[in-house]
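Please look over the two chains shown here and follow a walk through their helices, their shared surface and a few backbone details.

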Amino acid sequence: MITLQHICKTFRVAKRRAGFGQAVKALFSREYELVHALQDVSFHIDDGEMVGYIGPNGAGKSTTIKIMCGILTPDSGECDVDGRTPWRERVAHVHEIGVVFGQRSQLWWDVPIIDSFELLRDIYKVEKRQFQNNLDELTALLDLSEILKTPARSLSHGQRMRCEIAASLLHKPRTLFLDEPTIGLDATAKIAFRQFIKKRNAEHGTTVILTTHDMQDIEALTGRILLIGNGRILLDGSLADLKKHVSESKTLIVEYAGVQPDLDEGMRLSEANEGRMIVTVDPSVLSVSDAIIRLAAQTELLDVSVSGVSSEEMVAALYKEYRI
Amino acid sequence: MKKYRALFRIRFLNALQYRAAAVAGMATQFAWGFMEIFAFAAFYRTNQAAFPMTFPQTVSYIWMQQAFLALFMMWFWENDIADAVVSGGVAYEMVRPLDLYSRWFCQIAANRLARALLRCAPILVVAFLVPEPYRMSLPPNLSQLFLFLLSTALSLGVVVSFSLLMYISLFFMLSPMGVRIIVAVFSDFLAGAIIPLPFFPESLRALVELLPFAAMQNMPLRIYSGHIAGAAAWQGIALQVFWLAALLPAGRLAMRRALKKVIVQGG
């Protein structure tokens, strides 16, 4: 269980304009700009939830994660993870969490993966038998048997990320923080990763908090989304809620044989080629089934597919709406 | 404690695998050791009595220094730690249930020990085989050898805790180069890495011998060579204990302050 209340964090960033003169001036007096990374961030996450934390670059996602991990101390506000304040009881707190930072590595570069894992075992004081069980499970699920004896430096990015995830779960944490875990992975690896996380959550009840720019991660994994922008939580809800917030319109892709059908009120033509058209339907005016009936009455339909706004479009629309 | 032992172990094993570096290091140390000894020999030839240490003492000092270089020299740079601070990789270190200060202490000590063990044997063998007067001598007696070992351990402690202060200072800076160069130049000079402290001018020497740098290689090497013995050796060891006892809490305090305002760089 994670509760954040009124968390604020400000960074001081040195600024100067380009040019030699400005650089010399900055030697004597420096201008600082305050960057409000987080302003009054509050939310609550229950045990076993999978939450996607989205927002543009620099919105404050990683800062929030780092506060929840006990790495950063906020300027004000309360954070409670399973009854502990992360930055005050860091050592006890980090026993219960696993962390993957997609852009950094926790594996030792020059030693075989298994050595890194055994070191983690000793650091987290995992009992030998327990460790072996965890390792066997992770090895089977993440297909690690071939690469455990290889040094991290010789692995491909995808192989290394599998090891990173295993490394973060060796001590069976209650909560797993994933900061852009799928960055730079190929399609197969992404899908395998998502399946693995889903399984982990279902079988072990691990709470998962995930930041990502890949909306398919969110779609595949998380029931709940937190949208952050300019250091504030802007929306908190399910993917469907958020889509509805942006637009309820549906897109029909229609393939037909015969004449091109005319459109009624509530339908708008987005694109038309020979025998194929894309129609946007506003469900508040005309239901999707009615729209199909009207099209079918005019021509012979070969294929119809219905979709809502895509997650990517939704996010783009949200960022635009909130000017973040 | 077990986790720190495990850390020590993996670091130790890790450092042992860089064979080419060890060979290159040994070659440098042979060359440097001979050069230094020949230079001193030339000075001694003019007047044996004009120097604060006898020639055999100086020779032993230099050979032991070269053999255990990795234990004593401040310019040995722990890239992993500096990188972790400068690039923000320290974030991963902070999500471990470890005290960061102890963890880094372990890491540096293990690295230095492993490197020293890997390199010392060939140098010692050669140093004991070369013809007189360039041959290294054994310490005058067993108790002196014991004092040397004790002093070496303390010296490593002082070197590591001092270098940790330097790494912690990187939390407040963007580039490690400045700190690295200044610390390397001053501390090695003041520790007696370039010329042994007894060769310093009298007034300067009185001051320098009280600094933490004097608690580094200066003590064990002079004890080994027999230049300081008995009560003077114990006095030297007391100085080392004093500086270690001062540097450890200072480092912990600095670390706590640094972590409180840590900014993880690079997102």
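**Helix packing, interface and backbone**

In chain B, helices H1(B) and H7(B) cross in a right-handed sense. The model is a predicted one, and in it H1(B), which covers residues 2-16, packs against H7(B) at an angle of about 35°, the two axes lying 8 Å apart. From H1(B) the contact draws on Tyr4(B), Leu7(B), Phe8(B), Arg11(B), Phe12(B), Ala15(B) and Leu16(B), and on the other side it is met by residues of H7(B) that include Ser102(B), Arg103(B), Cys106(B), Leu113(B), Leu117(B) and Leu118(B). Sorted by character, the residues of this contact comprise 13 nonpolar, 3 polar and 2 charged.

H7(B), which spans residues 100-129, also packs with helix H2(B), residues 19-46, at an angle of about 35° and with the axes 9 Å apart. The crossing of H2(B) with H7(B) is right-handed. Here H2(B) contributes Ala21(B), Ala22(B), Gly25(B), Met26(B), Gln29(B) and Phe30(B), while H7(B) contributes Leu118(B), Arg119(B), Pro122(B), Ile123(B) and Val126(B); of the residues involved, 8 are nonpolar, 2 polar and 1 charged. Leu118(B) is thus listed in the contact with H1(B) and also in the contact with H2(B).

Beyond H7(B), the chain holds a backbone feature in the loop between H7 and helix H8 (142-169) of chain B, where Pro133(B) is found. The peptide bond that leads from Glu132(B) into Pro133(B) is cis, with omega near -5°. Most residues other than glycine have a negative phi, and most peptide bonds are trans.

Chain A offers two backbone features that can be read against that background. His6(A), placed in strand S1 (residues 2-15) of chain A, has a phi near 50°, which is a positive value in a residue other than glycine. Asn230(A), by contrast, lies in the loop between strand S8 (224-229) and strand S9 (232-237) of chain A, and its phi is likewise positive, near 50°.

How do the two chains meet? The contact between them involves 29 residues from chain A and 31 residues from chain B. The size of an interface is often given as the accessible area lost when the parts come together. For chain A and chain B the buried area is about 2600 Å², with carbon and sulfur atoms giving 62% of that area. Between the two chains there are 7 residue pairs in polar contact, counted where both residues are at pLDDT 80 or more. On the side of chain A that touches chain B, helix H2 (61-69), helix H3 (90-94), strand S5 (97-101) and helix H4 (113-123) of chain A each supply at least two residues. H4(A) gives the largest share of this side, 6 residues, and the residues on the side as a whole divide into 15 nonpolar, 6 polar and 8 charged.

Side chains of opposite charge can pair when their charged atoms come close. How many salt bridges does the rule find across the interface of chain A and chain B? The number is 0, although a search of the whole structure finds 17 salt bridges over all chains. One salt bridge joins the side chains of Asp214(A) and Lys190(A), at 2.8 Å from N to O. Because Asp214(A) sits in the loop between strand S7 (207-211) and helix H8 (215-221) of chain A, whereas Lys190(A) belongs to helix H7 (residues 187-204) of chain A, the pair ties together parts that are 24 residues apart in sequence.

Conventions
Residues numbered from 1 in each chain as written. Chains lettered and ligands numbered in written order. Predicted model: local features only at pLDDT ≥ 70, side-chain atom pairs only at ≥ 80, totals over all residues. Heavy atoms only, no water. Contact = heavy atoms within 4.5 Å. Buried area = accessible area lost by both parts, 1.4 Å probe. Salt bridge = Lys/Arg side-chain N within 4 Å of Asp/Glu carboxyl O. Polar contact = N/O pair within 3.5 Å; in protein donor to acceptor, adjacent residues only side chain to side chain. Helix = DSSP H or I, 4+ residues; strand = E, 2+ residues; numbered from the N terminus. Nonpolar A, V, L, I, M, F, W, Y, C, P; charged D, E, K, R; others polar. Axes fitted to C-alpha atoms, helices over the stretch in contact; angles between N-to-C directions. Left-handed = near helix turned anticlockwise from the far one by under 90°.
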